[in-house]
Amino acid sequence: MKKTLFLFVVMPFLAAAQRIENVRFYPNADKEVFIYYDIVDAKDGQIFDISLEFTENNGRNWNSIQKTSGAIGEGITAGTGKMITWRL
């Protein structure tokens, strides 16, 4: 069964310049996946709400990924080298 993983960012309205780039996934033998990403071109002091979601039906329904820590949730600032740990 094909699953699509999506790094979801809730951005403040009227803020169209910022982007997420360099998304990388690194699984390890301890049933963890390290997810790295950068938020670039954001305004000074701008904060973001970051979540991970997946779909099993080509985007008709989305499910939140649980068991995460790191640069995820509310209050994430812009910058490079953000990391999320996802425990499978």
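Ile 35 lies in strand E3 of this predicted model, and, with a relative accessibility of 0%, Ile 35 counts as buried, because the limit for burial is set at under 20%. Leaving out residues up to four places away in sequence, Ile 35 touches Val 23, Arg 24, Phe 25, Leu 52, Lys 82, Met 83, Ile 84 and Trp 86. One of these partners, Phe 25, stands 10 residues from Ile 35 along the chain, and the C-alpha atoms of the two residues are separated by 4.6 Å.

Ile 35 also belongs to the largest nonpolar core, a set of 14 residues in which Ile 35, Tyr 37, Ile 39, Ile 50, Leu 52, Ile 76 and Ile 84 have the most contacts inside the core. Two or more residues of this core are given by each of strand E3 (32-40), strand E4 (47-55) and strand E8 (79-87). Leu 52 and Ile 84 thus appear twice in this description, as residues touched by Ile 35 and as residues with the most contacts inside the core.

Two further buried residues can be described in the strands that contribute to this core. Val 40 is found in strand E3, and its relative accessible area of 17% places Val 40 among the buried residues, since the limit lies at 20%. Apart from residues up to four places away in sequence, Val 40 touches Ala 17, Gln 18, Arg 19 and Glu 21. Val 40 and Thr 80 are 40 residues apart in sequence, whereas their C-alpha atoms are 7.3 Å apart in space. Thr 85, in turn, lies in strand E8 and counts as buried at a relative accessibility of 9%. When neighbours within four places in sequence are set aside, the contacts of Thr 85 are with Glu 32, Val 33, Phe 34, Lys 67, Thr 68 and Ser 69.

Charged side chains were examined next. A search of the whole structure finds 2 salt bridges, and Arg 19 takes part in a network of salt bridges together with Glu 21 and Asp 41. In one bridge, the side chains of Glu 21 and Arg 19 meet at 2.5 Å, N to O. Both of these residues count as partly exposed, Glu 21 at 28% relative accessibility and Arg 19 at 36%. In the other bridge, the side chains of Asp 41 and Arg 19 meet at 2.2 Å, again taken from N to O. This pair links distant parts of the chain, given that Asp 41 is in the loop between E3 and E4 while Arg 19 is in strand E2, 22 residues apart. Asp 41 is likewise partly exposed, with a relative accessible area of 46%. Arg 19 and Glu 21 are, in addition, among the residues touched by Val 40.

Aromatic rings were considered in the same manner. A pair of aromatic rings is described by the distance of the centres and the angle of the planes. The count comes to 1 aromatic pair. The rings of Tyr 26 and Tyr 36 have centres 5.8 Å apart and planes at 70°, and the pair is therefore edge-to-face, a class that requires an angle over 60 degrees. Because Tyr 26 lies in strand E2 (residues 19-27) and Tyr 36 in strand E3, the pair ties together parts that are 10 residues apart in sequence. Tyr 26 counts as partly exposed at 43% relative accessibility, and Tyr 36 is also partly exposed, with a relative accessible area of 26%.

At the level of the whole chain, the model has 0 helices and 8 strands, and the pattern read along the sequence is β-β-β-β-β-β-β-β. Of the 88 residues of the protein chain, 28% count as buried. The accessible surface comes to about 5900 Å², of which 53% belongs to carbon and sulfur atoms. Among contacts in the protein chain with a separation of 6 or more, 54% are accounted for by residues 24 or more positions apart.

The confidence of the prediction remains to be stated. The mean pLDDT of the protein chain is 84, and 82% of its residues reach 70 or more. Over residues 10-15, however, the pLDDT is below 50, and this stretch has 8 contacts in the model beyond near neighbours in sequence. Where pLDDT is low, the predicted coordinates should not be read in detail.

Definitions and conventions. Residues numbered from 1 in each chain as written. Predicted model: local features only at pLDDT ≥ 70, side-chain atom pairs only at ≥ 80, totals over all residues. Heavy atoms only, no water. Core = buried A, V, L, I, M, F, W, Y, C linked by side-chain atoms within 4.5 Å. Buried < 20%, exposed > 50% of the residue type's maximum accessible area, 1.4 Å probe, protein only. Helix = DSSP H or I, 4+ residues; strand = E, 2+ residues; numbered from the N terminus. pLDDT = per-residue confidence, 0-100. Contact = heavy atoms within 4.5 Å. Areas by Shrake-Rupley, 256 points an atom, 1.4 Å probe, with all protein chains shown as cover. Phe/Tyr/Trp six-rings, centres within 6.5 Å; stacked < 30°, edge-to-face > 60°. Salt bridge = Lys/Arg side-chain N within 4 Å of Asp/Glu carboxyl O.
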